[in-house]
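Work through these exercises with the structure in view. Try each task before reading its solution.

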Amino acid sequence: MADIAKLVEELSKLTVLEAADLAKALEEAWGVSAAAAVAVAAPAGGGDAAPAAEEQTEFDVILTGDGGKKIQVIKEVRAITGLGLTEAKALVESAPKAVKEGVNKAEAEDIKKKIEEAGGTVELK
């Protein structure tokens with residue numbers, strides 16, 4: 001069992017490109033296809049390699065900038081997250097930064113709208 005844990009640990013250190021190369025090597029060596037695993041891993045590298053098989057259900061709301069209205073954006077981030085003033089200010093100043101992660105589409109759109117109305121810029125991932 002220790003060998004499997006060590007193997008998992010080593011594999012987790014691979015980059016997406018290295019994992020893709022490993023998948024190709026295993027396909028050739030064993031005569032199998034890892035197409036589904038490669039299709040899932042490819043978008044993580046930022047490429048346009050494969051379209052999503054299912055519609056995304058969870059979104060991360062990323063603050064990309066304060067639009068020159070830092071105080072209004074900080075107030076909105078505080079209202080959305082429940083953070084204190086210092087934490088909200090740090091979040092806004094360290095943009096791009098996640099405001100909320102793993103939220104449904106409706107909530108993500110609502111948060112995006114509120115921050116954009118305050119003057120900030122937001123990206124949904």
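Helices and strands here are DSSP runs, numbered from the N terminus; a helix has at least four residues and a strand at least two. The model is predicted.

**Exercise 1. Write the order of helices and strands along the protein chain.**

Solution. Start with the totals: the protein chain has six helices and three strands. Then read along the sequence. The pattern is α-α-α-β-α-α-β-α-β.

**Exercise 2. Check the length of helix 2 against its expected span.**

Solution. Helix 2 covers residues 16–30, which is 15 residues. The expected span is 1.5 Å times one less than the number of residues. For helix 2 that gives 21 Å. Its end C-alpha atoms are 21 Å apart, so the two values agree. Now look just past the helix. Gly 31 follows helix 2, and its phi is positive, near 70°.

**Exercise 3. Work out the strand order of the sheet and find its edges.**

Solution. Take the pairs one at a time. Strand 1 and strand 2 run antiparallel and are joined by four bridges. One of the bridge pairs is Phe 59 with Val 103 of strand 2. Strand 1 and strand 3 also run antiparallel, again with four bridges. Here Val 61 has Leu 124 of strand 3 as its bridge partner.

Put the pairs together: the three strands form an open, antiparallel sheet in the order 2-1-3. Strand 2 and strand 3 (121–124) each have a single partner strand, so they stand at the edges, and one side of each lacks a neighbour in the sheet. On average, neighbouring strands are turned by 20° against each other, direction ignored.

**Exercise 4. Is strand 1 mostly covered or mostly uncovered?**

Solution. Buried means under 20% relative accessible area. Five of the seven residues of strand 1 are buried, which makes the strand mostly covered. In the protein chain of 125 residues, 18% count as buried.

**Exercise 5. Which residues of the largest nonpolar core touch the most other members?**

Solution. The core holds 17 residues. Those touching the most other members are Val 61, Leu 63, Val 73, Val 77, Val 92, Val 99 and Ile 115. Next, trace the elements that build this core. Strand 1 (59–65), helix 4 (70–81), helix 5 (85–93), strand 2 (97–103) and helix 6 (105–118) each supply at least two residues.

Finish with Leu 63. Leaving aside neighbours within four places in sequence, its contacts include Val 73, Val 92, Val 99, Ile 115 and Thr 121.

**Exercise 6. What share of the contacts with a separation of 6 or more joins residues 24 or more positions apart?**

Solution. In the protein chain, the share is 65%.

Terms used:
Residues numbered from 1 in each chain as written. Predicted model: local features only at pLDDT ≥ 70, side-chain atom pairs only at ≥ 80, totals over all residues. Heavy atoms only, no water. Buried < 20%, exposed > 50% of the residue type's maximum accessible area, 1.4 Å probe, protein only. Contact = heavy atoms within 4.5 Å. Core = buried A, V, L, I, M, F, W, Y, C linked by side-chain atoms within 4.5 Å. Pairing = 2+ DSSP bridges. Axes fitted to C-alpha atoms, helices over the stretch in contact; angles between N-to-C directions.
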